[in-house]
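Reader: I am new to this structure and would like a close look at a single part, the open sheet and what lies against or beside it. Could you take me through it slowly, and then place it in its surroundings?

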Amino acid sequence: MSGLLFLIPIALFMGLLGLLAFVWALKSGQFDDLDGAAQRILLEEDEEEERPARE
Amino acid sequence: MNAASPTCAVPTAPSGANGAAIEALPYVRRDPKSDLLRLDLVVEGVHCAACIRRIEGRLKRLPGVKDARLNLSSRRLSVAFEGAPERARAIVTAVEELGYRAVPFDPARLEGADAAAEKELLLCLAVAGFAAGNIMLLAVSVWSGHFVGMGEATRTLLHWFEALIALPAIAFAGRPFFRSALSALRAGHTNMDVPISLAVLLAPAVSLFETIRMGEHAYFDSAVTLLFFLLIGRYLDRRARGAARAAVARLLALRAQAVMRLEPDGTTRPVRPDDLAPGDEIVVATGERVGVDGAVVEGRSELDTSLVTGETVPQPVEPGSRVFAGTVNLGAPLRVRVTAVGEGTLLAEIVRLMEAAEQRRSRFVALADRVARLYAPFVHTLAALTFLGWLWWGAGWHFALMSALAVLIITCPCALGLAVPAVQVIAAGRLMRSGILIKSATALERFARIDTVVFDKTGTLTSGQMTLAAIDHGTQEDLEAAAMLARSSRHPLARALAAAAGPGPSASGVEEVAGMGLRWHGPDGEWRLGRRGFAAEVPDDDAPGAELWFTRPNRPSVRFRFHDPLRLDAAAVVATLKARGLAIELLSGDRRATVAGVAQSLGIARWQAELSPAQKVARLEELARAGRKVLMVGDGLNDAPSLAAAYVSLSPASAVDIAQTAADAVFQGKRLAPVLEVLEVARRAEWLVRQNIAFSILYNLCAVPLAVFGYVTPLVAAIAMSTSSLVVVSNSFRLQWSARGALALDAPAAKGRLGSAV
């Protein structure tokens with residue numbers, strides 16, 4: 001039973017970590033454009049590299 | 001206004017032909033953090049990843065642009081750039097060159113408090129979700145422990161952990177409910193949030209007490225799970241309405257046009273209508289919309305006032321005449337002095353009427369709140385009786401208190417709290433996909449109860465756009481000849497003529513005589529197309545409707561008559577509404593003859609013409625006194641007070657701003673069929689809401705005796721609550737699955753009428 005004494009706090013800590021990650025994601029605007037996020041995965045990554053070449 | 005065409009391959013062409021584009025410069029802000037300049041644009045016609053790449057890629061290649069981000073959900077483009085603020089113009093031009101319409105806007109004005117409230121709810125939801133998950137983990141251990149003989153010390157330890165998570169979580173995530181319950185109690189009545197708050201507060205309080213005395217049962221899990229479920233419903237509900245309001249605001253922002261202000265040095269500059277001060281003078285070109293209220297200083301012309309008064313015949317104006325925002329200048333350019341909105345203007349009168357109508361309209365109490373008003377006192381009395389009953393029976397105050405608490409928890413209106421939002425979210429989402437935006441929280445319930453539909457004519461039953469109706473004393477050949485002149489003009493009637501003739505050659509060297517018409521030196525002499533007196537020497541016969549005359553040498557003058565055609569499906573929609581037993585009325589500000597014609601062709605027996613805004617409101621109130629529940633459909637400035645006065649109201653997206661603001665819902669597109677769809681979805685939603693409420697009450701009737709007699713342990717409470725919530729939510733999803741075919745125009749008669757109307 002003494003295992004509970006550290007297993008429960010560990011479980012809680014990890015849950016809390018998840019909550020904080022969500023709060024961070026919310027505050028940094030990652031939930032502002034759900035439709036856009038769904039479409040952006042279709043964009044090709046190398047577009048950003050194209051830019052310095054042109055400048 | 002076509003904000004959401006289904007295909008993406010062909011971006012919409014810039015439709016800024018009518019009037020100048022909004023000057024981007026006043027919208028440029030300096031970001032204090034990064035010291036970059038920021039410009040926000042509403043972009044029309046973006047749908048997919050290709051649009052994102054096209055726009056962002058193009059902008060990032062512009063000199064000075066540091067970042068460009070397109071938000072596909074809100075159709076907003078935010079650009080950060082450095083250097084001169086004037087670069088904003090190049091940014092707007094670049095987006096428009098790609099084929100998307102872009103209009104600058106002020107983010108602070110478009111967002112408001114809605115977004116902040118939505119974020120707060122989401123945060124509460126996250127906290128409640130986290131707490132519910134972790135507490136359930138511990139609670140399941142405790143429940144299992146009941147069967148395998150968990151020691152008292154271990155159980156109490158687990159209870160303490162539950163309390164540690166639950167108490168702060170409830171204090172944080174319960175705030176939206178506590179606030180609403182408090183304000184209801186202060187106002188002297190109860191709503192659904194009162195019993196919710198009570199249960200959510202009492203359950204942990206008693207559980208804490210139980211934990212301290214090392215008792216067997218703690219209800220922390222019930223309280224937090226309840227909160228979690230309710231927050232889901234609350235958040236989705238808020239988001240659906242927030243999205244609808246944002247969409248309406250976006251449509252209005254897209255339509256905003258600059259007005260041409262006359263500067264002291266005689267030049268004109270495009271500015272926002274908001275930036276004008278009383279006393280400024282603006283120039284309104286031919287075919288342009290008047291952007292402000294004011295008085296004509298110079299010029300004689302005719303105005304299309306159909307959006308303001310409902311009248312389809314153009315109104316002549318001269319120096320000194322009042323003009324209103326929303327009218328279209330059909331004739332010569334005008335110089336207009338901006339006046340403040342003062343007493344005595346039409347707009348001030350409309351606003352006064354609207355406020356009065358809104359005050360007189362009895363406040364609609366949502367079904368859920370009406371149920372709560374009966375439910376809350378009943379439940380609380382029952383809990384008190386349980387407590388007193390057990391005391392009287394001699395069961396000891398601890399058992400009595402726990403039983404009373406179990407009653408409160410088991411009757412906590414979890415399913416009841418979800419019954420309405422679950423259905424509304426699905427209904428609103430479904431309507432939104434077909435271009436109908438529900439703005440008001442209780443609109444759906446009100447739509448479901450109407451028994452009378454009152455239509456405005458111009459712009460509602462009709463398309464609001466002039467089209468060629470007839471050619472007098474002429475042939476198709478005359479039309480094609482006239483169209484050669486008309487194609488070079490921006491005048492609305494000339495455009496309608498050109499549209500009727502279809503594609504064809506355009507004469508070169510056409511001269512436009514402002515306010516009169518068009519002149520062209522043809523091979524056989526001078527051709528003229530324009531108003532009576534300029535293009536033809538005929539006496540005024542006071543014929544109804546707008547007209548153009550066309551004269552060529554040695555030929556009789558030809559008259560083109562224009563009218564405002566009915567929306568394609570107007571007849572079918574009216575027939576269907578009638579077939580469903582709704583009373584139909586037509587209230588218009590237009591002339592008798594025109595209204596009579598429309599009423600007859602649609603088969604509307606009750607109609608009134610030449611009504612002032614006040615008379616329209618009076619008629620609606622007369623209907624309300626007779627016990628009728630009226631749906632008002634209208635689009636004009638003159639309809640705004642009636643929209644506010646009606647039981648529930650609907651307005652097309654082409655309506656004036658003030659009408660869209662007053663209406664409970666806005667529909668897009670050229671058809672009238674959304675009226676049917678709203679009513680159909682509302683009726684189905686109402687039916688599902690009633691089912692849900694009936695189920696929740698039935699569930700309570702079954703569960704309450706268990707609680708009263710002390711059989712409800714936390715485990716039973718958790719199972720009962722989750723099941724009832726799941727049943728209610730799944731039942732609501734039936735609204736989404738119902739076949740679309742059920743919404744099509746019914747009645748075979750409607751088909752015949754649709755055919756004849758086309």
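Author: What follows begins with the chain that holds the sheet, goes through the sheet strand by strand, and then turns to other places in the model.

The model is predicted, and the sheet belongs to chain B, whose secondary structure comes to 26 helices and 27 strands. Chain B has 758 residues, of which 48% count as buried, and its C-alpha atoms fill a box of roughly 110 × 65 × 50 Å when this is taken along the principal axes. Among the contacts in chain B with a separation of 6 or more, 71% are between residues that are 24 or more positions apart.

The sheet itself is open and is formed by seven strands of chain B, which follow one another in the order 15-27-26-25-16-23-24, with mixed pairing. At its edges are strand 15 (436-438) and strand 24 (606-608) of chain B, each of which pairs on one side only. From one strand to the next, the twist averages 20 degrees.

Within that order, strand 25 of chain B has strand 26 on one side and strand 16 on the other, and it is a good place to look at the pairing in detail. Strand 25, residues 630-633, pairs with strand 16, residues 452-455, in the parallel sense, and four bridges hold this pairing in the description of chain B. In this pair, B:Thr452 stands opposite B:Val630 of strand 25. Toward strand 26 of chain B, residues 648-652, strand 25 also runs parallel, here with three bridges joining the two, and B:Leu631 stands opposite B:Val648 of strand 26. The side chains of strand 25 can be followed in the same way, for B:Val630 and B:Met632 point one way from the strand while B:Leu631 and B:Val633 point the other way, and all of these residues are buried.

A helix also packs on this sheet: helix 20 of chain B, residues 613-625, touches strand 16, strand 23 (583-587), strand 24 and strand 25 of chain B, and its direction makes about 160 degrees with that of strand 25. The loop between strand 24 and helix 20 of chain B contains B:Glu610, a residue other than glycine whose phi nevertheless has a positive value, near 55 degrees. B:Glu610 counts as partly exposed, because it has 14 C-beta neighbours inside 10 Å.

A second loop residue can be set beside B:Glu610. B:Arg75 is in the loop between strand 3 (65-71) and strand 4 (76-81) of chain B, and although B:Arg75 is not a glycine, it has a positive phi of about 55 degrees. B:Arg75 is buried, because 26 other C-beta atoms lie within 10 Å.

Elsewhere in chain B, helix 13, residues 414-433, packs with helix 24, residues 714-732, at an angle of about 20 degrees, and their axes are 9 Å apart. The two helices are therefore roughly parallel to each other, and helix 13 passes helix 24 in a right-handed crossing. Helix 13 of chain B brings to this contact residues including B:Cys414, B:Leu418, B:Ala422 and B:Ile426, and helix 24 of chain B brings residues including B:Met721, B:Ser725 and B:Val729. Sorted by class, the contact of helix 13 with helix 24 of chain B has ten nonpolar, three polar and no charged residues.

Another loop of chain B, between strand 9 (294-298) and strand 10 (301-304), holds B:Arg300. B:Arg300 counts as partly exposed, because it has 15 C-beta neighbours inside 10 Å. The C-alpha atom of B:Arg300 is separated by 9.5 Å from that of B:Arg335, which is 35 residues apart from it along the chain.

Lastly, chain B also meets a partner, since 22 residues of chain B are in contact with 22 residues of chain A. On the side of chain A that touches chain B, the elements that give two or more residues are helix 1 (3-27), helix 2 (34-40) and helix 3 (47-54) of chain A. The largest share there, nine residues, comes from helix 1 of chain A. By class, this side of chain A has eleven nonpolar, four polar and seven charged residues.

Note on methods:
Residues are numbered from 1 along each chain as its sequence is written. Chains are lettered from A and ligands numbered from 1 in the order in which they are written. This is a predicted model: local features need pLDDT of at least 70, side-chain atom pairs count only at pLDDT 80 or more; totals for chains, interfaces and linings use all residues. A residue is buried if 20 or more other C-beta atoms lie within 10 Å of its own, exposed if 12 or fewer, and partly exposed in between; C-beta atoms are placed from the backbone. Two residues are in contact if their C-beta atoms, placed from the backbone, lie within 7 Å. Ala, Val, Leu, Ile, Met, Phe, Trp, Tyr, Cys and Pro count as nonpolar, Asp, Glu, Lys and Arg as charged, and the others, Gly among them, as polar. Two strands pair if DSSP finds at least two bridges between them. Axes are lines fitted to C-alpha atoms, for helices over the stretch in contact, and angles run from 0 to 180 degrees between N-to-C directions. Angles under 35 degrees count as roughly parallel, over 145 as roughly antiparallel, 65 to 115 as roughly perpendicular and the rest as oblique. A crossing is left-handed if the near helix is turned anticlockwise from the far one by less than a right angle, and right-handed if clockwise.
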